[in-house]
Amino acid sequence: MNDECRDELASGAAKAKPWSPEARETDPLEALLADGGTFACLNEVDLFADLSAAEIREMDMMAPAKLFRRGELLYSQAQPVKALFILKTGRVRVFRVAEDGKALTMAILEPGAVFGEMVLVGQRMYDSYAEAIEDSMVCHLGVEDVERFLLSDPRIAVRISRLLGERVAELEGRLSDLALRPLPARVASTLLGMAQWPSSARFGRAPTIRLTHEQVAGLLGATREATSKILSDFASRGLIRQGRGRITLIDPVRLRAIARGTA
């Protein structure tokens, strides 16, 4: 190799160091926030499905977006925030903490979820926490905007009633499971329920749930050790396949049979 080629390669290497901070790619979530306000929060949110495109654009202007990094709290008992949150990307865990320090996961929220300190979403924040379990883009509406623009609109009111009914039914089902069903049945039922999320099954593949053993245990109100033991048993029987932070459902039919068990 001649001296001219060596100089050219050395110059190129000096300009492009993939490990250097200035050469890193822009975070796509941060890029959305920096895009001059074109980020739309309300698109594809079921609660606002009956609004026109113009109405959604108008409401989007009232719903600023914020990026929460993995592990960051959106709100807590110490830092309550009175707002209606709309999850655009990522996932959020809503949980409560008992006096003994044990955390009980109330819900794992997927994109499109609406939650916060509002009677209309069937949830209070004064005794709960919300944590981003992966980098998440979240929009929020203030209390006054919610009362003025949402509660007064009959199109949205109908969907609010439906949402409240679904949440009450889900809560009743979880309470029934805790009281009457053994842990293996509750684990199977929870896995099957999470497999219905839009992000779980893609392109005809077996549904994959992106949760750790600890997160599944939090949903069940069980210990991580007991939950891991049952998941390992399911895996050895060919019902599921486990990966790092992922659980793939291999045999939903047999899981449904276990989920129906009461003894």
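E55, D153 and R155 are linked in a network of salt bridges. The model is a predicted one. Across the whole structure, a search finds 9 salt bridges. Several of these can be followed residue by residue.

E134 takes part in two of the pairs described here. Its side chain meets that of R91 in a salt bridge, at 3.0 Å from N to O. The two residues come from distant parts of the chain, 43 residues apart. E134 sits in the loop between β7 (129-132) and β8, whereas R91 sits in the loop between β3 and β4 (92-97). Their exposure can be set side by side. E134 has a relative accessible area of 22% and is partly exposed. The cut-off for burial is under 20%. R91, with a relative accessible area of 6%, is therefore buried.

The side chain of R210 also meets that of E134 in a salt bridge, again with 3.0 Å from N to O. R210 belongs to the loop between β9 (208-209) and α7 (213-220), and E134 to the loop between β7 and β8, so this contact ties together parts that are 76 residues apart in sequence. R210 has 24% relative accessibility and counts as partly exposed.

A further salt bridge joins the side chains of R93 and E131, with an N to O distance of 3.0 Å. R93 is in strand β4 and E131 is in strand β7, so the pair connects parts that are 38 residues apart in sequence. Both partners, R93 and E131, are buried.

R93 has a second contact of interest. It lies over the face of F95, at 3.9 Å from the ring centre. F95 in turn leads to the aromatic contacts. The structure holds 3 aromatic pairs. One of them is formed by F95 and Y129 and is stacked. A pair of aromatic rings is described by the distance of the centres and the angle of the planes. For F95 and Y129, the centres are 5.2 Å apart and the planes stand at 10° to each other. Planes under 30 degrees apart count as stacked. F95 lies in strand β4 and Y129 in strand β7, so the ring pair ties together parts that are 34 residues apart in sequence. F95 is buried, as is Y129. Strands β4 and β7 are thus tied by the F95 and Y129 ring pair and by the salt bridge of R93 with E131. Elsewhere, ring pairs link Y75, F85 and F115 into a cluster.

Strand β8 covers residues 136-142. Of its 7 residues, 5 are buried, so the strand is mostly covered. Two strands pair with β8 in the antiparallel sense, namely β1 and β3. Strand β1 (residues 65-68) does so over 4 bridges. There, L67 has M137 of β8 as its bridge partner. Strand β3 (residues 83-89) is joined to β8 by 6 bridges. In this pairing, I86 has C139 of β8 as its bridge partner. H140 also lies in strand β8. H140 has a relative accessible area of 31% and is partly exposed. Between H140 and M62 the C-alpha to C-alpha distance is 8.2 Å, although the two are 78 residues apart in sequence. In a regular strand the side chains alternate between the two faces of the sheet.

An open sheet of 3 strands is also found, in the order β9-β11-β10 and with antiparallel pairing. Strands β9 and β10 (240-243) stand at its edges. Each has a single partner strand, so one side of each is left without a neighbour in the sheet. Strand β11 (residues 246-249) pairs with β10 over 4 antiparallel bridges. Within this pairing, the bridge partner of I240 is L249 in β11.

On the surface, L171, L175 and L178 form a nonpolar patch. Together these leucines have about 290 Å² of accessible area. L171 is located in helix α5 (residues 154-180). With 45% relative accessibility, L171 counts as partly exposed.

Technical notes: Residues numbered from 1 in each chain as written. Predicted model: local features only at pLDDT ≥ 70, side-chain atom pairs only at ≥ 80, totals over all residues. Heavy atoms only, no water. Patch = residues over 30% accessible without salt bridge, like charges linked within 9 Å, V, L, I, M, F, W, Y side chains within 5 Å. Areas by Shrake-Rupley, 256 points an atom, 1.4 Å probe, with all protein chains shown as cover. Salt bridge = Lys/Arg side-chain N within 4 Å of Asp/Glu carboxyl O. Buried < 20%, exposed > 50% of the residue type's maximum accessible area, 1.4 Å probe, protein only. Pairing = 2+ DSSP bridges. Phe/Tyr/Trp six-rings, centres within 6.5 Å; stacked < 30°, edge-to-face > 60°. Lys NZ or Arg CZ within 6 Å of the ring centre and 35° of its normal.
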